[in-house]
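Subject: Structure handover

Hello,

Here is the structure I said I would pass on. My notes on it follow below.

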Amino acid sequence: MKKMSETEEKIIQLGTAFIQSRGVNGFSYAEISTAMGIRKASIHYYFPKKQDLIARVLEVYNQDFKASLDAIRARGEDFSQSLEAFIQLYRRNLESGNICLCSMLATEQYALTEAINQSVQEFFQCNTDWLKSLFEDEGLVSQLAEDFFATVQGAQLITKASGDLSYFDQLLTDKLARLTKK
């Protein structure tokens, strides 16, 4: 990935925050320009169309998330600790009133390009593959990994809608306890 300018980096950060909290259609370049104190033309310089910004936000998010998954595996923690670290990747978004970028984008697929929708699917597949590997290393069937991922995804959507973080915590604590009970 090429080195980003400070302006481009800040635009991507704000774009990410707006998409995660409001969705693709819930913000405009005018809001980014106001938040940054720059002209809309400056945003268009980096991202001529909103779809260009969304694609770049998604690219950065996916790379960062993949690096987080790799870091979890590199720590060499046990199954339970690795799953807990995975859960925390999603919980951090909820703590700030957001959901996973790709989860939000999946709800708005009709407004996105085919390439963006494909990148969202690749994100979900990356998560599923990572979990399957973890579950298989533990001697568990890969279907349990898919079930676990669906639980995380559903729990974050319900938590976002209800504003009750304890729902996410309780559901996933219970799920983790059932998986790790020997």
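I start with helix H7. At 1.5 Å a residue, the 24 residues of H7 should span 34 Å, and the C-alpha atoms at its ends are 34 Å apart, so the two values agree. Please keep in mind throughout that this is a predicted model.

The buried residues of H7 are Ile 116, Asn 117, Val 120, Phe 123, Phe 124, Asn 127, Thr 128, Trp 130, Leu 131, Lys 132, Leu 134 and Phe 135. They pack against H4, H5, H6, H8 and H9. An α-helix has 3.6 residues a turn, so residues three or four places apart point the same way. After H7 comes Gly 139, with a positive phi near 80°.

Next is helix H4, which covers residues 50-74. With 25 residues at 1.5 Å each, H4 should span 36 Å; the distance between its end C-alpha atoms is 36 Å, which agrees. Buried in H4 are Leu 53, Ile 54, Arg 56, Val 57, Leu 58, Val 60, Tyr 61, Asn 62, Phe 65, Leu 69 and Ile 72. The cover over these buried residues includes H1, H2 (29-36), H5, H6 (101-107) and H7 (114-137). Just after H4, Gly 76 has a positive phi of about 70°.

One residue of H4 to look at is Phe 65. Its relative accessible area is 7%, and because buried means under 20%, Phe 65 counts as buried. Setting aside neighbours within four places in sequence, Phe 65 is in contact with Leu 89, Tyr 90, Phe 123 and Asn 127. Phe 65 and Phe 123 lie 58 residues apart in sequence, while their C-alpha atoms are 8.8 Å apart in space. Phe 123 and Asn 127 are both among the buried residues of H7.

Helix H1 (6-22) has 17 residues and reaches 24 Å from its first C-alpha to its last, close to the 24 Å expected at 1.5 Å a residue. Its buried residues are Glu 8, Ile 11, Ile 12, Leu 14, Gly 15, Thr 16, Phe 18, Ile 19 and Gln 20. What covers them includes H2, H3 (40-46), H4, H5 and H6. H1 is followed by Gly 23, which has a positive phi near 90°.

Met 36 is found in helix H2. Apart from neighbours within four places in sequence, Met 36 is in contact with Thr 7, Lys 10, Ile 11 and Leu 14. Of these contacts, Ile 11 and Leu 14 are listed among the buried residues of H1.

Now the pocket. Which residues lie nearest the centre of the largest pocket? They are Thr 16, Val 60, Tyr 61, Asp 64 and Phe 65, out of 15 residues that line the largest pocket. The volume of the largest pocket is about 270 Å³. H1, H4 and H5 (79-95) each supply at least two residues of the lining, and H4 gives the most, with six. By class, the lining has seven nonpolar, five polar and three charged residues.

Further along the chain, Gln 153 sits in helix H8, residues 142-162. Is Gln 153 buried or exposed? At 11% relative accessibility, Gln 153 counts as buried. Its side chain makes a polar contact with the side chain of Tyr 90, at 3.4 Å. Leaving aside neighbours within four places in sequence, Gln 153 is in contact with Tyr 90, Ser 103 and Phe 124. Tyr 90 is also in contact with Phe 65.

Leu 157 is in H8 too. With 38% relative accessibility, Leu 157 counts as partly exposed. The C-alpha atoms of Leu 157 and Phe 168, 11 residues apart along the chain, are separated by 9.3 Å. Between Met 36 and Leu 157, which are 121 residues apart along the chain, the C-alpha separation is 29 Å.

Last, Thr 173 is placed in helix H9, residues 165-180. Thr 173 has 48% relative accessibility and counts as partly exposed. Its C-alpha atom is separated by 46 Å from that of Arg 39, and the two residues are 134 apart along the chain.

Regards

How values were computed. Residues are numbered from 1 along each chain as its sequence is written. Side-chain values use heavy atoms; hydrogens and water are left out. On a 1 Å grid over the protein atoms alone, a cavity is a set of points where a 1.4 Å probe fits but cannot get out, and a pocket is an open set with protein on both sides within 12 Å along at least five of seven lines; lining residues have an atom within 4 Å of a point. Grid points are joined across faces, edges and corners, and a volume is the space filled by probe spheres set on the points. Helices (H or I, at least four residues) and strands (E, at least two) are DSSP runs, numbered from the N terminus. Ala, Val, Leu, Ile, Met, Phe, Trp, Tyr, Cys and Pro count as nonpolar, Asp, Glu, Lys and Arg as charged, and the others, Gly among them, as polar. The expected span of a helix is 1.5 Å times one less than its number of residues. Buried means under 20% relative accessible area, exposed over 50%, partly exposed in between (1.4 Å probe, protein chains only). Contact means heavy atoms within 4.5 Å. A polar contact is a pair of N or O atoms within 3.5 Å; within protein, one must be able to donate a hydrogen and the other to accept it, and residues adjacent in sequence count only if both atoms are side-chain atoms.
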